Amino acid sequence: VFKVLLDDFPIQFAEDGCVNFCTYCIIPYARGRVRSLPVPTAVEQTRALAAEGYREIVVTGIEISSWGQDLKNGETLIDLLEAVCTAAPAVRIRLGSLEPRTITEEFCRRAAALPNLCPQFHLSMQSGCDDTLKRMNRKYDTTRYAQSVALLNQYFDHPAVTTDLITGFPEETEEEFAQTLDFIRRCGFAQMHIFPYSVRPGTPAAKMRQVPKAVKEERARQAAAVAEALHRNYLAACVGAVYPVLFEQPKDGRYFGHAPNYMEVLADGTDLHNQVRNVKVTGTDGASLLGELLEDAGAQDTLDGKSIQPEIVSVIHYINTHYQENITLDAAAGLVHMSRYHFCRLFGSATGATFLEYLYNVRLSKVHQLLLDTRLPLSQIAEKCGFTSTAHLSRVFRDAYGVSPREFRKSAAEKEPPEQQ
């Protein structure tokens, strides 16, 4: 099911229910067990929204990190993301709130290969104190949370890590709150949502010793001051960068939109609604980024009769010459000293395909050849050709050829048995 927010960002509600039973939350009792939207349905809905002209889709749920648990087929959230991103390569895909357990080395490696996945990750935190987290019945501690933040910063270029914080949770002491303030400073969040604890009747936390309302509100005020300083720091680090901004509507005499990192951007312009335009960030007002629209770079070279930038020609030549089907987006952008966002825009305008689509075509050519010429198992073919799993390979192959790799190999074998490699 899709819900539309402000007629600009459709929300794919890909999961319902929760079984985490945090002590402050009524949702597990109200929404029940985890129910996941199957990948084929998600892909169909994503393509339909792309066809309607939407430029960004938010994939979310009650507890999106648990997506796939009920499907019993081994699929996890990263499988859903790969399918959705591939289904609409020209559409930005943004994730809803995640549990820290989702952020693993494999998740980051596979997610970083998706050029249309927005590098903004909302990691649910609630507290930066281990004792408080235990009373909340959260399934992580601050060490695991910090590992997730570190992994995101390792695999993505200046990602926006955002979070939620509850102040004045039952029995929270001044020392525990001080630990939380110290932890959020160390995490360096781009943005935070801060709430004083609110009692939910029927939950275990409602029976704990409560913190006075005035104390909860004062702690929220102190945390908000720290969060504002962190937000300003993050914005300042964006100055000088170029971002593809999805513009929404006029605001205060300018047009505003959001960069892939979800920071609000203001720029002079007219009739920019639902356009994605490159913007160079020239400053910040402390709450938003300020920038100027950039014209597309002039054509300087040709490929198949089309004029394109020489940097893109060099990347394509490198991939084809060295058969680098496993090259990452960041590595390709680094070859020509571009940001991933600028590179993606130029590559798409030059080739008519996203970088990921181009690599898929290279990979699929190799898969096609190996299926015809060898008896290698699909798991080995997937590894050789840069796919993250057999399921990932099968999904992409079926989308391209209308049959599964096994069906293709069987059909080919009936005509001429392949030679053993």
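Phenylalanine 13 counts as partly exposed in this predicted model, because its relative accessibility is 22%, whereas a residue must fall under 20% to be called buried. The residue is found in strand β2, which covers residues 9-16. Its C-alpha atom is separated by 9.2 Å from that of serine 36, a residue 23 places apart from it along the chain.

A useful counterpart is threonine 23, which is found in the loop between β2 and α1 (27-31). At 10% relative accessibility, threonine 23 counts as buried, since that value is under the 20% limit. Leaving aside its neighbours within four places in sequence, threonine 23 is in contact with Arg135, Met136, Asn137, Phe169, Thr203, Pro204, Ala205 and Met208. Next along the chain comes tyrosine 24, and here too the partners are worth listing. Not counting residues up to four places away in sequence, tyrosine 24 touches Gln126, Met136, Arg138, Ile166, Phe169, Tyr197, Arg200, Thr203 and Ala205. Met136, Phe169, Thr203 and Ala205 appear among the contacts of threonine 23 and also among those of tyrosine 24.

Tyrosine 24 also leads into the interior of the protein. The largest nonpolar core holds 65 residues, and those touching the most other members are Tyr24, Leu77, Leu80, Phe107 and Tyr145. Helix α3 (residues 77-87) gives this core its largest share, 8 residues. Another core lies apart from it, with 17 residues that include Tyr255, Val265, Leu272 and Leu289. In soluble globular proteins, nonpolar side chains tend to be buried together.

Turning to the strands, an open sheet is formed by 3 of them in the order β6-β7-β8, with parallel pairing. The edges are taken by β6 (120-122) and β8 (191-196); each has a single partner strand, so one side of each is left without a neighbour in the sheet. From one strand to the next, the twist averages 15 degrees. Within this sheet, β6 is joined to strand β7 (residues 160-167) by 3 bridges, and the two run parallel. Phenylalanine 121 stands opposite valine 161 in β7.

Antiparallel pairing is found further along the chain, around strand β9 (residues 242-251), which is joined to strand β12 (residues 276-284) by 5 bridges. In this pair, valine 245 stands opposite arginine 277 in β12. Strand β9 also pairs with strand β10 (residues 254-258), again in the antiparallel sense and over 5 bridges. Here the bridge partner of proline 250 is tyrosine 255 in β10, and Tyr255 is also one of the members of the 17-residue core. Together, β9 and β10 form a hairpin with 2 residues between them. Aspartate 252, in the turn of this hairpin, has a positive phi of about 55 degrees.

Stepping back to the whole protein, the model has 15 helices and 15 strands. Of its 421 residues, 51% are buried. Among contacts between residues at least 6 apart in sequence, 69% join residues at least 24 apart. The protein exposes about 19200 Å², and carbon and sulfur atoms supply 51% of that area.

Definitions and conventions:
Residues numbered from 1 in each chain as written. Predicted model: local features only at pLDDT ≥ 70, side-chain atom pairs only at ≥ 80, totals over all residues. Heavy atoms only, no water. Helix = DSSP H or I, 4+ residues; strand = E, 2+ residues; numbered from the N terminus. Buried < 20%, exposed > 50% of the residue type's maximum accessible area, 1.4 Å probe, protein only. Core = buried A, V, L, I, M, F, W, Y, C linked by side-chain atoms within 4.5 Å. Contact = heavy atoms within 4.5 Å. Pairing = 2+ DSSP bridges. Axes fitted to C-alpha atoms, helices over the stretch in contact; angles between N-to-C directions. Areas by Shrake-Rupley, 256 points an atom, 1.4 Å probe, with all protein chains shown as cover.
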